[in-house]
Amino acid sequence: MRSTTGWQADSATRTLYRAALERRDLRPDDIAVRVDYCGVCHTDLHVLRAHESDANGVLVPGHEFTGVVSEVGSAVVDFSPSDPVAVGNIVDSCGTCRMCQAGQENFCREFPTLTYGGADRQDGATTLGGYSREYVVNNRFAYRLPANLDAAATAPLLCAGVTVWEPLQALGVGPGSNVAVAGLGGLGHLAVKMATALGATTSVISRTPDKAAEARLLGARGFVVSTDPKQMKAVRDRFDVVIDTISAPHDLAPYLSVVAMDGTLSLLGHLGPVTVETMDLLIGRKKVSSAGSGGRPSTAAMLDFCAEHGITADIELLPSSQVNTAFERLERNDVRYRFVLDMSDLD
């Protein structure tokens, strides 16, 4: 086993503490990655708050990180020590089901192995996440980090970025598309950047009027206050695609009202139960869809696109020792737009 250090959950206090961790010895197709930067996702917060050690074992969060290859397995040919890499929230899949064969490992019929809290497909061990100084991963699920992208600001692309990239691609967003992004947070700000770079005319829908200037700096050409009936009425049936990144439960009807005929409302933020009135779909042949994470081809394509267009997340970089502060602030939505942890203080 390989020894490293990371941030492990205390189920009694729902906080993280520095702890010695063990990684598996490298298999022939593995690489070891020195983790330099790891993004803080809302999922990390939810999992930590729900963690019970007896039920779930050891928990080390973190599923969007960048770093440098420190060692490679005997069968690895695509990576060498010192290569900059990025790793997302999926680290293995069955590789044989229809979804995996289609390059959609995120929808693996046997369920993908998650970067943390998953079960290793060979030995059954619980996967421990990227809030650590080293991670061992099958090389198929590591991606080359483009040289022109800042390593810290790229880390959130491996979760938040690919989460918005997949529906933008699947729904054919490009020049001539009219897109609205509902919610301007960790997901939403990247959706604005990507939709704009794809050539779409992009707007932001937010309940917070003072975010208008931020939205325009990110590339949005329009801004709609969702709590203003007149503004919402003015954009009725306007948008071919609405990317809904709102994390709290909410009424879909106002957002469906601004979807154009044959357009789509894509739900990415709140993934719980929703209620939809059939008439809100019928009038205009509107659709509701969702998406989650991305397969290997899509993730690689997203990184290439972001490198071409200079897209990274807007982040606040903190030493990893401030991880509990990051969670406290994230819980009260005190971040613009994504926390990233600098793991070098674990040395």
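Why does Leu282 count as exposed? Leu282 counts as exposed because its relative accessibility is 53%. Exposed means over 50% relative accessible area, buried under 20%, and partly exposed in between (1.4 Å probe, protein chains only).

This is a predicted model, where local features need pLDDT of at least 70, side-chain atom pairs count only at pLDDT 80 or more, and totals for chains, interfaces and linings use all residues. Residues are numbered from 1 along each chain as its sequence is written, and side-chain values use heavy atoms, without hydrogens and water.

Leu282 sits in helix 10, residues 278–282. Helices (H or I, at least four residues) and strands (E, at least two) are DSSP runs, numbered from the N terminus.

Now turn to the sheet. Its 6 strands form an open sheet with parallel pairing, in the order 12-11-10-13-14-15. Strands pair if DSSP finds at least two bridges between them. At the edges lie strand 12 (222–225) and strand 15 (287–290), each pairing on one side only. From one strand to the next, the twist averages 20 degrees. Such angles run from 0 to 180 degrees between N-to-C directions, with axes as lines fitted to C-alpha atoms, for helices over the stretch in contact.

Strand 14 deserves a closer look. Of its 9 residues, 7 are buried. Strand 13 (residues 239–244) runs parallel to strand 14, joined by 5 bridges. Here Phe239 stands opposite Val259 of strand 14.

Strand 14 (residues 259–267) also pairs with strand 15, in the parallel sense, over 4 bridges. Leu265 stands opposite Val288 in strand 15. Leu267 has Ser290 of strand 15 as its bridge partner.
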